Amino acid sequence: MSAETARGGTWWRWVLAAVIVAVAAAVALWPQLTRDSDKPAASGTNPTAQPVEASVSEADRAAAALAACPQPSGAPVGDSPLRGLTLNCLADGKPVDLVAALAGKPALLNLWAYWCGPCAEELPLLQQFSQQARNALTVLTVHSDQGTAKALSRLSGLGIHLPGVEDPNAKVRTAVGAPAVLPISVLLRADGTVAKVVVRPFTSVEDISATVAAELGVRA
């Protein structure tokens, strides 16, 4: 065998060895890559798009024991970006004309989702604030994702009984021009117009009270 032929054979053996090592490394890393891709995001951003779930039963809604959604009072409505927006009530699945139902007194809409960690910390504070505010202001949760059954389960687990609506397509967030993060609180005046969009979680009941007092003039 010539020296040239020997060198050629050696070169091909090196190439074959390199290919084998690369394939072995890919096979070894594949399970880890798969596990990493399945992990949810740690912040309040949606990790993945959720599939549309089957309809939620009346028993599921009743078990959550949520407060009934507000009903239209006939109060005048201003030029609100939410005007004409209808969403289903979490308590009974019935449609709610959002601004018409809230008109007549100020409101705090809290945009959240069952997978959002900061939302789970904020919701109990909002319930405490709502009890403190009594009838001076409406606190309404807006589940801004699909997965109504998971939302009901999450609220039940947290002991939250605030009235709420389903917003699987994030229509409220889009209408007020808020970024795609959660939680978000939208403060509405008595005529349904937007006073403030708060793009952060509240840290205490006092934080909520101070923000509401500054933006809506309601002290609780």
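This is a chat about a few strands, helices and single residues of one predicted model.

Colleague: Before we start, what should I know about the model and its numbering?
Modeller: Residues are numbered from 1 along each chain as its sequence is written, and side-chain values use heavy atoms, with hydrogens and water left out. The model is predicted, so to speak of local features takes pLDDT of at least 70 and side-chain atom pairs count only at pLDDT 80 or more, while totals for chains, interfaces and linings use all residues.

Colleague: Okay, strand β6 then: how many of its residues are buried?
Modeller: In β6, residues 184–188, 5 of 5 residues are buried, where buried means under 20% relative accessible area, exposed over 50% and partly exposed in between, with a 1.4 Å probe and protein chains only. Strands here are DSSP runs of E with at least two residues, and helices are runs of H or I with at least four, numbered from the N terminus.

Colleague: And which way do the side chains point from β6?
Modeller: Ile184, Val186 and Leu188 point one way, whereas Ser185 and Leu187 point the other way. In a regular strand the side chains alternate between the two faces of the sheet.

Colleague: Which strands does β6 pair with?
Modeller: It is joined to β3 by 5 bridges, running antiparallel, and to β7, residues 194–198, by 4 bridges, also antiparallel; two strands pair if DSSP finds at least two bridges between them. Leucine 111 stands opposite isoleucine 184, and serine 185 stands opposite valine 198 in β7.

Colleague: What lies between β6 and β7?
Modeller: The two form a hairpin with 5 residues between them, and glycine 192 in the turn has a positive phi of about 90 degrees.

Colleague: Switching to helices, at what angle do α4 and α7 pack?
Modeller: Helix α4 (residues 117–133) and helix α7 (residues 205–216) pack at about 55 degrees, with their axes 9 Å apart; axes are lines fitted to C-alpha atoms over the stretch in contact, and angles run from 0 to 180 degrees between N-to-C directions.

Colleague: Which residues meet there?
Modeller: Leu125, Leu126, Gln128, Phe129 and Gln132 in α4 meet Val205, Ile208, Ser209 and Val212 in α7, contact being heavy atoms within 4.5 Å.

Colleague: Is serine 130, also in α4, buried or exposed?
Modeller: Serine 130 lies in helix α4 and is buried, with a relative accessible area of 17%. Leaving aside neighbours within four places in sequence, serine 130 is in contact with Val139 and Leu162.

Colleague: Last one: where is glycine 104?
Modeller: Glycine 104 is in the loop between α3 (98–102) and β3 (107–112), and it touches Ala75 and Ala190, not counting residues up to four places away in sequence.
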